[in-house]
Amino acid sequence: MASSPSSATSRDALPCFTAAELAGHIGGSDGGDAEKRILISVFGDIFDVTSGRDFYGAGKGYSVFAGKEVTRCLGKMIIGDAEANCGWANLTLEHVNIAKDWHAKYVTKYPIVGRFQPDEHFEIRGAAFEP
């Protein structure tokens, strides 16, 4: 079972990643023998899903989520990144609950290693999509 911060205080101490910084964590090689981490964000919690490389690695079914904030995508069950890195404030309650279920699954499986730092257009981008 993955570990996650036990309190808001410890979560606040985690590093913040902008969308551009998160985008650098999609796996692959670092030029040597080591494999780069694969990170995704759900509700602003950044999970290290590297151990799920068979799902999130290059060319795999969920690789489109690697290096992105994907709450909207998971909530709406979209296997694509058109709504990635976008706010979720206008999602329907049904979609929010689906995303919360995904978040709960990630918490049990992968460690939280950071917090997503949205840019000033994050919520505006989300509002542009159907809830």
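In what order do helices and strands follow one another along the sequence of this protein? Here's the pattern: α-β-α-β-β-α-α-α-β-α. Keep in mind that this is a predicted model.

**View 1. The whole protein, with its 6 helices and 4 strands.** The protein has 131 residues, and buried ones make up 40% of them. Now take the contacts between residues at least 6 apart in sequence: 63% of these join residues at least 24 apart. On the outside, the protein exposes about 6,900 Å², and carbon and sulfur atoms supply 56% of that.

**View 2. Strand β4 and its pairing partners, β1 and β3.** Strand β4 covers residues 112-116, and 4 of its 5 residues are buried. Strand β1 (residues 16-17) runs parallel to β4, and 2 bridges join the two. Strand β3 (residues 45-48) pairs with β4 in the antiparallel sense, over 3 bridges. Look for Arg115 in β4: it's the bridge partner of Cys16, and also of Asp45.

**View 3. Arg115 and Asp45 joined by a salt bridge.** The closest N and O atoms of this pair are 2.5 Å apart. Arg115 sits in strand β4 and Asp45 in strand β3, so the pair links distant parts of the chain, 70 residues apart. Is each partner buried or partly exposed? Asp45 is buried, with a relative accessible area of 3%, while Arg115 comes out at 25%, which makes it partly exposed.

**View 4. Arg72, Lys76 and Glu83 in one salt-bridge network.** The structure holds 6 salt bridges, and here are two that have Glu83 in common. Glu83 forms a salt bridge with Arg72, their closest N and O atoms being 2.9 Å apart. This pair also links distant parts of the chain: Arg72 belongs to helix α4, and Glu83 lies in the loop between α4 and α5 (93-109), 11 residues away. Glu83 and Arg72 are both buried. Lys76 makes a salt bridge with Glu83 too, with 3.0 Å between the closest N and O atoms. Like Glu83, Lys76 is buried.

**View 5. A nonpolar patch on the surface, formed by Phe55, Tyr62 and Ile79.** Together, these residues have about 290 Å² of accessible area. Find Tyr62 in the loop between α3 (53-56) and α4 (71-75). Why does Tyr62 count as partly exposed? Its relative accessible area is 31%, and partly exposed means between the 20% cut-off for buried and the 50% cut-off for exposed.

Notes. Residues numbered from 1 in each chain as written. Predicted model: local features only at pLDDT ≥ 70, side-chain atom pairs only at ≥ 80, totals over all residues. Heavy atoms only, no water. Buried < 20%, exposed > 50% of the residue type's maximum accessible area, 1.4 Å probe, protein only. Pairing = 2+ DSSP bridges. Contact = heavy atoms within 4.5 Å. Areas by Shrake-Rupley, 256 points an atom, 1.4 Å probe, with all protein chains shown as cover. Patch = residues over 30% accessible without salt bridge, like charges linked within 9 Å, V, L, I, M, F, W, Y side chains within 5 Å. Salt bridge = Lys/Arg side-chain N within 4 Å of Asp/Glu carboxyl O.
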